[in-house]
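Visitor: I'm new to this structure and would like a close look at a single part of it. Could you pick one loop and take me through it, then show me what lies around it?

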Amino acid sequence: MSEKNDGITLRTRFQRVIYFFPVQLLIAQFKKNFILLLFWGFLFGAISSNLGVGFGIPYLFLYPEFLGTVDFTSHLILGFACGGFIMAYNISTYILYGYSFPIIATLARPFFKFCVNNFIIPVTFFLSYIYFLVDFQLNSQFESTMTVSTNVLGFALGNTIFIIISLTYFFSTNRSIFEILNISEASDPEKQSKNLARGFFYKLDNASKKMHRVSEFRVETYLINPFKIGLARGSKHYETYTLQMVFSQNHINASVFETVVIATIIILGIYRDKEIFQIPAGASAMATLAMIVMAFSAIYSWLKEWSTIVLIVLILIGVYLASANIDSFNKAYGIDYKQQPTPYTSKNIYAHNNDSAQVKKDIFSHLEILENWKKKNQIIQNTEKPKLVFVNVSGGGLRSGMWSYYTLAHLDSVFDNKFLDHTHLITGSSGGMLGAAYVRELHGRRKKGKNIHLKADKYIANISKDLLNPIIFTTAVHDLYFRFDHFFREDEIRDRAYAFEKQFHKNTNFILDKKIRDYTKPEADSDIPLLILSPTILNDSRKLIIAAQPSAFLANKGGTISAQNDYTPENIEFTRFFKNHNPYDLKFSSALRMNATFPYILPNVSLPSEPLIQVLDAGIRDNFGTDITLQYLSIFKDWIKENTSGVVVVQIRDLFKNDVQKGGEPSNFRKNPSTIGTIYTNLTNTHNYSQDNAIQEIVKWTDLPIEVVSLQMKNVDEDKISLSWHLTRKEKNRIKNSMHLKENINSIIRIKELMGYD
């Protein structure tokens with residue numbers, strides 16, 4: 001086999017494969033700058049659902065949304081942005097590794113030839129993306145084959161358009177060494193050398209003549225075009241500084257390219273409130289990655305071996321600026337931040353929590369509400385002592401939002417549109433409370449004569465609409481950079497929190513665009529259930545009680561309820577503690593957002609106190625609102641005993657309570673499970689244990705007939721619905737189908753028995 005075959009030995013053939021330009025380029029990237037490949041790693045991880053799946057990141061790329069729809073246009077835009085990232089990658093690698101391949105300068109249209117030979121990663125990504133997109137849209141979104149084909153065409157067309165535009169620009173600005181020296185590509189080396197000696201560049205400064213040739217990667221063959229392979233010509237007879245003139249022009253072109261990308265992001269950031277500029281979040285993420293890749297290549301080309309240190313420093317600075325600029329002072333909309341901040345000190349906290357007169361006043365006020373509830377339910381339940389119903393909903397992003405809405409709407413239909421009249425109080429955390437708030441609002445409007453059927457498809461569709469796209473889009477074009485809002489407005493920063501609330505209002509037809517005070521009277525009249533939110537105060541892990549009714553007794557667990565006075569206040573009542581800041585003007589959507597602020601996905605809300613306090617998701621302390629329910633029961637136990645036939649606590653859970661976490665056998669690499677990871681995973685179990693014990697205790701010492709009934713969504717590990725603000729059609733169907741589980745059917749039968757329904 002070592003014999004010559006048409007004059008070419010087997011060894012030569014082997015060398016031409018090994019030293020094929022595309023192969024050598026890939027080796028150069030792994031060998032010289034692995035960091036650049038991490039950007040591709042992120043994208044491959046996202047589209048393959050191996051990265052960020054718990055937060056719905058893959059959906060941004062596999063099902064892009066534009067102007068509220070997923071169609072040819074949305075895929076065209078995403079494809080266009082993907083083309084931008086591919087060209088940013090090509091430009092960056094050209095700048096970073098071009099000097100290692102002097103062959104490039106000897107080719108006509110050098111940058112085009114470089115892009116053709118740098119195809120391995122981009123083409124692999126493109127084909128992988130098409131595969132995962134088709135699989136996702138057919139099997140998770142249940143789109144038709146024609147629709148998926150159209151979407152694929154849109155993505156491919158957008159990608160192609162950007163690449164053609166970019167290459168056209170580079171064709172007009174990039175010159176090969178032959179054009180620079182004004183010689184024919186077919187001229188022999190001796191003639192080229194003579195022209196070199198007489199050329200203008202020979203007269204350059206001596207310093208340029210002393211530049212050493214960069215160590216080369218060997219290249220035997222290259223792609224002349226996507227369908228033709230050619231032999232590489234030598235370049236050693238060219239002067240180093242002349243070769244570098246061919247490469248140097250691309251720094252200018254790269255600067256122009258990066259300027260366009262940055263300008264695009266700035267424009268999108270400034271005009272992001274206009275729907276036409278709200279491109280798919282996946283596209284904005286691609287544009288951001290393109291800008292980062294270009295910036296990285298610029299740093300590396302300027303600083304060489306110092307680039308890694310400088311990059312680390314810049315990342316640390318960026319993290320600091322992000323924390324200082326993005327999340328340090330996000331406001332709760334509606335309240336007054338101009339007044340003197342309220343002192344958040346132990347003295348002030350104790351003073352507010354030990355106001356016995358206020359506690360007694362608020363207890364009396366709630367007794368009146370309970371009396372109104374009783375009068376209504378004596379008629380509805382046709383008994384002197386009706387059952388008192390409390391609803392606790394779990395957190396869990398949009399899956400919990402839809403599940404809590406669907407469950408309450410289903411219960412309402414089972415109980416002849418009266419279940420929410422039976423319900424006195426709703427508490428819980430995160431997404432679950434968004435769904436509960438929406439169904440409560442619709443119930444209130446129905447009570448006023450509106451023709452509303454809670455189980456109507458349009459309402460279920462509304463609460464399950466995407467909220468993730470505006471969050472990620474705003475993060476990409478605004479929150480990661482300096483806030484341009486400061487130039488246009490003083491009080492309102494239109495960040496991802498603003499985008500979240502705006503989209504939530506849009507999804508629900510703006511019926512929840514209200515202030516806290518708008519619910520005070522209907523709650524007091526028992527036209528709608530009470531709704532109490534309890535986000536966590538980040539500073540000291542206290543709970544912030546947000547309610548439309550004065551509820552000082554929920555902030556006081558000590559002296560006014562018992563003889564015990566030596567206690568540490570656990571809760572802060574929002575409306576009283578911030579009484580100087582118009583607390584009842586707080587937008588209801590901001591209260592819901594505070595209760596659902598998952599770290600980093602939404603910014604922590606800062607409240608007007610000194611020192612500044614920040615609040616985030618209620619689920620950190622109590623994922624079901626059980627603590628609020630039990631505290632309420634303990635305070636009003638005497639009234640409940642005298643006026644009701646017992647209490648039914650309906651828990652709406654997005655996970656099965658008794659599901660055992662599947663750990664599996666540890667690998668040889670890691671015999672012991674991660675302590676932090678295990679604690680985080682079992683946070684819900686921790687809440688379950690403590691709350692089960694608390695329920696048992698309160699039943700013992702109050703002697704109240706309390707029964708807890710759970711309605712649970714099946715969310716198994718092997719096909720788990722993501723903790724995200726986006727749901728696929730497949731996930732929506734699974735949520736609906738959970739209502740038909742045997743366990744839930746039995747739970748509904750039990751609730752009907754407790755309520756006296758046949």
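Guide: Sure, let's start with Thr597, which sits in the loop between helix H27 (588–595) and strand S10 (605–607). Keep in mind that this is a predicted model. Is Thr597 buried or exposed? Its relative accessible area is 0%, and anything under 20% counts as buried, so Thr597 is buried.

What does Thr597 touch in there? Leaving out residues up to four places away in sequence, its contacts are Leu602, Pro603, Asn604, Val615, Leu616 and Asp617. The Thr597 side chain also reaches back to Arg593, meeting its backbone oxygen at 2.6 Å.

Val615 is a handy link to Leu607, because it turns up among the contacts of Leu607 as well. Not counting neighbours within four places in sequence, Leu607 also touches Ala332, Ile335, Tyr337, Leu544, Phe574, Phe578, Met594, Leu612 and Ile613. Leu607 belongs to the largest nonpolar core, which has 144 residues. Along with Phe61, Tyr129, Tyr405, Val650 and Trp725, Leu607 is one of the residues that touch the most other members. Helix H5 (residues 72–97) gives this core its largest share, 13 residues. There's a second, separate core too, with 27 residues, among them Trp373, Ala547, Ala552 and Ile635.

Back by our loop, look at Pro611, in the loop between strand S11 (609–610) and strand S12 (613–616). The peptide bond leading into Pro611 from Glu610 is cis, with omega near 0°. That's worth a pause, as most peptide bonds are trans.

Now for a sheet. Five strands form an open one, in the order S6-S5-S4-S13-S14, and their pairing is parallel. Strand S6 (530–532) and strand S14 (706–712) are at the edges with a single partner strand each, so one side of each has no neighbour in the sheet. From one strand to the next, the twist averages 20°. Strand S4 (residues 388–393) and strand S13 (residues 647–653) are joined by six bridges, and Val393 is found opposite Ile652 in S13. Packed on this sheet is helix H19 (residues 430–447), which touches S4, strand S5 (423–428) and S6. The direction of H19 makes about 160° with that of S6.

Another helix to find is H17 (residues 397–414). At 1.5 Å a residue, its 18 residues should span 26 Å, and its end C-alpha atoms are indeed 26 Å apart. Of those 18 residues, 16 are buried, so H17 is largely enclosed by the rest of the structure. After H17 comes Asp416, with a positive phi near 55°. Asn417, in the loop between H17 and helix H18 (419–422), has a positive phi too, about 60°, although it isn't a glycine. Most residues other than glycine have a negative phi. With 39% relative accessibility, Asn417 counts as partly exposed.

One last stop is Ser526, in the loop between helix H24 (520–524) and S6. Its phi is positive as well, near 60°. Ser526 has a relative accessibility of 4%, so it counts as buried.

Technical notes. Residues are numbered from 1 along each chain as its sequence is written. This is a predicted model: local features need pLDDT of at least 70, side-chain atom pairs count only at pLDDT 80 or more; totals for chains, interfaces and linings use all residues. Side-chain values use heavy atoms; hydrogens and water are left out. A nonpolar core is a set of buried Ala, Val, Leu, Ile, Met, Phe, Trp, Tyr and Cys residues joined through side-chain atoms within 4.5 Å. Buried means under 20% relative accessible area, exposed over 50%, partly exposed in between (1.4 Å probe, protein chains only). Helices (H or I, at least four residues) and strands (E, at least two) are DSSP runs, numbered from the N terminus. Contact means heavy atoms within 4.5 Å. A polar contact is a pair of N or O atoms within 3.5 Å; within protein, one must be able to donate a hydrogen and the other to accept it, and residues adjacent in sequence count only if both atoms are side-chain atoms. The expected span of a helix is 1.5 Å times one less than its number of residues. Two strands pair if DSSP finds at least two bridges between them. Axes are lines fitted to C-alpha atoms, for helices over the stretch in contact, and angles run from 0 to 180 degrees between N-to-C directions.
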